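The report below follows a path from a single side-chain contact to the ligand site, and from there to a strand and the nonpolar cores.

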Amino acid sequence: MIAIVLFGKPGAGKGTQAEFLKEKYNLTHISTGDVFRYNLKNDTDLGKQARVYMDNGELVPDELTINMLKAEVEKNMDKAGFLFDGFPRTIPQADALDAFLKSINLEVTATVGLEANDDVLVARILERGKTSGRADDQDEAKIRTRYEEYNEKTAPLIEFYKTQDKYYAVDGIGTVAEVTQRLSNIIDKL
Ligand code: AMP
């Protein structure tokens with residue numbers, strides 16, 4: 001099985017691309033943001049604990065996130081691998097992912113970063129906020145908090161995976177199909 005991590009700032013197109021890639025490569029797509037939103041909507045215990053962080057654009061604490069991710073992986077061992085979208089987002093999450101995958105005889109195969117400049121991304125998120133119903137997409141201050149969280153806690157992961165020769169950068173600007181093709185070119189060579 002393979003395990004691919006999709007990186008990118010909010011609005012970079014991770015979710016959109018994951019929809020194509022999961023079909024093409026028979027992968028289980030795990031979006032931690034989607035799983036959290038599902039729990040929020042259904043007002044589960046996890047949703048109750050995550051809500052305040054999510055609504056403010058802050059990261060949910062690592063322990064909650066890591067436990068949730070492990071449960072999602074364990075439920076879905078029936079495909080050719082995993083496509084992680086929005087996880088890991090901190091160094092402790094990346095360490096936990098390595099240890100967890102090792103315990104089930106897997107490892108991170110590659111991480112792919114969708115790169116785009118911040119102005120384009122903020123405009124995309126505001127546009128998405130008109131229809132997504134997401135509180136964290138509609139307010140510029142919350143969007144800014146998400147970028148600060150990204151820069152402070154998630155950006156260091158690029159170095160983390162580069163030192164392991166597992167980071168591939170992809171230009172995230174273009175049509176959906178163009179970007180899918182760029183990602184496929186990398187995945188096909190793994
Ligand atoms: P996303 O849909 O990936 O933009 O995630 C939306 C929100 O869910 C984030 O702003 C966080 O509050 C929370 N979240 C998603 N993934 C993680 C993660 N790996 N670690 C912590 N919080 C997360």
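In this predicted model, a polar atom of the Thr-32 side chain lies 2.9 Å from the backbone oxygen of Gly-86. Thr-32 belongs to helix α2, which spans residues 32–41, and its relative accessible area is 3%; because this falls under 20%, Thr-32 counts as buried. Beyond residues up to four places away in sequence, Thr-32 touches Thr-65, Met-68, Leu-69, Asp-85, Gly-86, Phe-87 and Arg-89.

**The ligand site**

Thr-32 and Gly-86 also appear in the surroundings of the ligand, since 16 residues surround it and the closest are Thr-32, Arg-37, Glu-58, Gly-86 and Gln-93. Three side chains that make polar contacts with the ligand are set out here.

| Side chain | Ligand atom | Distance |
|---|---|---|
| Arg-89 | oxygen | 3.0 Å |
| Gln-93 | nitrogen | 2.9 Å |
| Arg-134 | oxygen | 3.4 Å |

Taken alone, the ligand would expose 480 Å², of which the protein buries 96%.

**Strand β2**

Strand β2 covers residues 27–31, and 5 of its 5 residues are buried. This cover extends to both faces of β2, with Leu-27, His-29 and Ser-31 buried on one side and Thr-28 and Ile-30 buried on the other. Strand β2 runs parallel to strand β3 (residues 81–85), to which 5 bridges join it, and within β3 the bridge partner of Thr-28 is Phe-82.

**The nonpolar cores**

In soluble globular proteins, nonpolar side chains tend to be buried together. Here the largest nonpolar core has 23 residues, and those with the most contacts inside it are Leu-69, Val-73, Phe-84, Leu-97, Leu-101 and Tyr-161. Two or more residues of this core come from each of β1 (2–8), α4 (62–75), β3, α5 (91–103) and α9 (156–162), and α5 gives the most, with 5 residues.

Which residues does Phe-84 contact, leaving aside its neighbours within four places in sequence? Phe-84 is in contact with Ala-3, Ile-4, Val-5, Leu-6, Ile-30, Leu-69, Val-73 and Leu-97. One of these, Ile-30, is also among the buried residues of β2, while Leu-69 is touched by Thr-32 as well. Separate from this core is a second one of 20 residues, which includes Ala-18, Val-112, Ala-116 and Val-179.

Key
Residues are numbered from 1 along each chain as its sequence is written. This is a predicted model: local features need pLDDT of at least 70, side-chain atom pairs count only at pLDDT 80 or more; totals for chains, interfaces and linings use all residues. Side-chain values use heavy atoms; hydrogens and water are left out. Buried means under 20% relative accessible area, exposed over 50%, partly exposed in between (1.4 Å probe, protein chains only). Helices (H or I, at least four residues) and strands (E, at least two) are DSSP runs, numbered from the N terminus. Two strands pair if DSSP finds at least two bridges between them. A nonpolar core is a set of buried Ala, Val, Leu, Ile, Met, Phe, Trp, Tyr and Cys residues joined through side-chain atoms within 4.5 Å. Contact means heavy atoms within 4.5 Å. A residue is near a molecule or strand if one of its heavy atoms lies within 4 Å of it. A polar contact is a pair of N or O atoms within 3.5 Å; within protein, one must be able to donate a hydrogen and the other to accept it, and residues adjacent in sequence count only if both atoms are side-chain atoms. Accessible areas come from the Shrake-Rupley method with a 1.4 Å probe; for residues, only the protein chains shown count as cover.
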